[in-house]
Amino acid sequence: MDFTSTVIIPLLFGSLGIFGLFRLLQWMRMRTYLQEAVVVITGATSGLGKECAKAFHAAGCKLVLCGRDGEKLKGVVQELSTMTNHRKNAHKPHTVVFDLSDTKTVLNAAEEILKYLGHVDILINNAGISFRGTIVDTGLDVDKKVMETNYFGPIALTKALLPSMIKRRQGHIVAISSVQGKISIPFRSAYAASKHATQAFFDCLRAEVEQYDIDVTVISPGYIQTNLSLNAVTADGSRYGVMDKNTAEGQTAAEVAQVVLSAVGQKKKEVLVAGLTPSLAVYLRSLFPSIFFTLMATRAKKERKAKDS
Ligand SMILES: NC(=O)C1=CN([C@@H]2O[C@H](COP(=O)(O)OP(=O)(O)OC[C@H]3O[C@@H](n4cnc5c(N)ncnc54)[C@H](OP(=O)(O)O)[C@@H]3O)[C@@H](O)[C@H]2O)C=CC1
Ligand SMILES: CCCCCCCCCCCCCCCC(=O)OCC(=O)COP(=O)(O)O
């Protein structure tokens, strides 16, 4: 009898057994947490929001799907019903139509959600728009539009739902930020600023509401294959309308939605969902900022040159 067969193999299988048991317990806890939970998802009409709707619906949640376009939301509800028409206990989602850049409609929506469902267990602030342009050419109205949609709208909705969560001493608030909530890359000023503000706000919130047993999860994805770049606004406020190469080659929205589901189920405080280069860029920014700034300046010059030629 050698060491491998008497010690290593049983140890390996023993730890695999413990690991398996740990994963099983984790899965069971997640299932209990998510089943029947009232989950509000903004930007549920497309991309990551729509995929989150599918993932949380499949996990047995009671969904409130939010968007600007009622017809698109109906389409998503239809898709979800075909996905789960064999399951007796699947919940038909409720839909709420509002524009995040209009604070009054956001507050009305929060009131409607609470009136209809009584409470919210999980709020997923997902909706957002991106931006392409130079700072010098961008009108302040464009900066404001991006901030209204990506920052003021989500924080208005969060603040409107928070008192009822505090009262119940229960709730979970999720912010879909971006790698650009941690680093700024050239020609994305308004977007990166809105995501840095998002990161800061929800980090403060996490600290303030822990005493009420409320969880806060910030998710920072890298590139995802969605319409984000197509729908981005430009310096003059018009639609960018281009599917960027990085976006087209990003992770699928379904993959990222599974990461969101599991991060929420495990009550993680923050998750970076990105490939090697964006992840390295985040570490470079904090450990060796001057190298990062040089790289960004070179990138800006290169991009400018490519655009001008
Ligand atoms: N795609 C990517 O590479 C990355 C995306 N993210 C983040 O993921 C989130 C989802 O974006 P993604 O799925 O990629 O992009 P999409 O463009 O596919 O989805 C954006 C969603 O936000 C909604 N929305 C936009 N403006 C408003 C508004 N004023 N009021 C209400 N809803 C609005 C859109 O609704 P409508 O259908 O009406 O336009 C749509 O449902 C965003 O916060 C984005 O910043 C983060 C990192 C990378
Ligand atoms: C030790 C080696 C370090 C190498 C570091 C290289 C640094 C290169 C910079 C890379 C920048 C990556 C930016 C990633 C940005 C990102 O993932 O953004 C996600 C989005 O939100 C996408 O939105 P967008 O509208 O910009 O498409």
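What percentage of the 309 residues of the protein chain count as buried? Keep that in mind as you look through the views below, which all come from a predicted model.

**View 1. The whole protein chain, seen as one fold.** Here is the answer: 36% of the 309 residues count as buried. If you trace the backbone from end to end, you will come across 10 helices and 9 strands. The radius of gyration is 21 Å, close to the 19 Å that the globule rule gives for a chain of 309 residues, so the protein chain is as compact as a globular protein of that length. Its C-alpha atoms fill a box of roughly 70 × 60 × 40 Å along the principal axes. Among contacts with a separation of 6 or more, 73% join residues that are 24 or more positions apart.

**View 2. Domain 1 and domain 2, side by side.** The chain is divided into domain 1, residues 33-274, and domain 2, residues 276-309. Between their C-alpha centres there are 27 Å. How many residues of each domain are in contact with the other? There are 9 from domain 1 and 9 from domain 2. On the domain 1 side, the touching residues comprise 7 nonpolar, 1 polar and 1 charged.

**View 3. The surroundings of ligand 1.** Ligand 1 is surrounded by 29 residues, and the closest are G43, G47, A127, G128 and T226. Which helix gives the largest share of this shell? That is helix 2 (residues 47-58), with 3 residues. Sorted by class, the shell holds 16 polar, 9 nonpolar and 4 charged residues.

**View 4. Ligand 2, between the two domains.** Around ligand 2 you can find 21 residues, with S130, S178, V179, G222 and A281 the closest. Helix 9 (residues 276-287) gives the most to this shell, namely 5 residues. Why is ligand 2 said to lie between the domains? Both domain 1 and domain 2 give residues to its shell, so ligand 2 lies between them. The classes here are 12 nonpolar, 7 polar and 2 charged residues.

**View 5. T277 in helix 9.** Look along helix 9 and you will meet T277. Is T277 buried or exposed? T277 has 10 C-beta neighbours inside 10 Å, so it counts as exposed. Now find G222: the two residues are 55 apart in sequence, yet their C-alpha atoms are 9.5 Å apart in space.

**View 6. Helix 10, out in the open.** Helix 10 covers residues 289-308, and at 1.5 Å a residue its 20 residues should span 28 Å. The C-alpha atoms at its ends are 28 Å apart, which agrees. Of these 20 residues, the number buried is 0, so helix 10 lies largely in the open.

**View 7. Two loop residues with a positive phi.** Most residues other than glycine have a negative phi. F187 is not a glycine, but has a positive phi of about 70°. You will find F187 in the loop between strand 6 (171-176) and helix 6 (189-209). With 19 other C-beta atoms within 10 Å, F187 is partly exposed; a residue needs 20 or more to count as buried. K267 is another residue that is not a glycine yet has a positive phi, of about 50°. The loop that holds K267 runs between helix 8 (253-265) and strand 9 (270-273). K267 has 13 other C-beta atoms within 10 Å and is partly exposed.

Terms used: Residues numbered from 1 in each chain as written. Chains lettered and ligands numbered in written order. Predicted model: local features only at pLDDT ≥ 70, side-chain atom pairs only at ≥ 80, totals over all residues. Helix = DSSP H or I, 4+ residues; strand = E, 2+ residues; numbered from the N terminus. Expected span 1.5 Å × (residues − 1). Buried ≥ 20, exposed ≤ 12 C-beta atoms within 10 Å, placed from the backbone. Near = placed C-beta within 6 Å. Nonpolar A, V, L, I, M, F, W, Y, C, P; charged D, E, K, R; others polar. Domains from an automatic or database assignment. Contact = placed C-beta atoms within 7 Å. Rg over C-alpha atoms; globule rule 2.2 N^0.38 Å.
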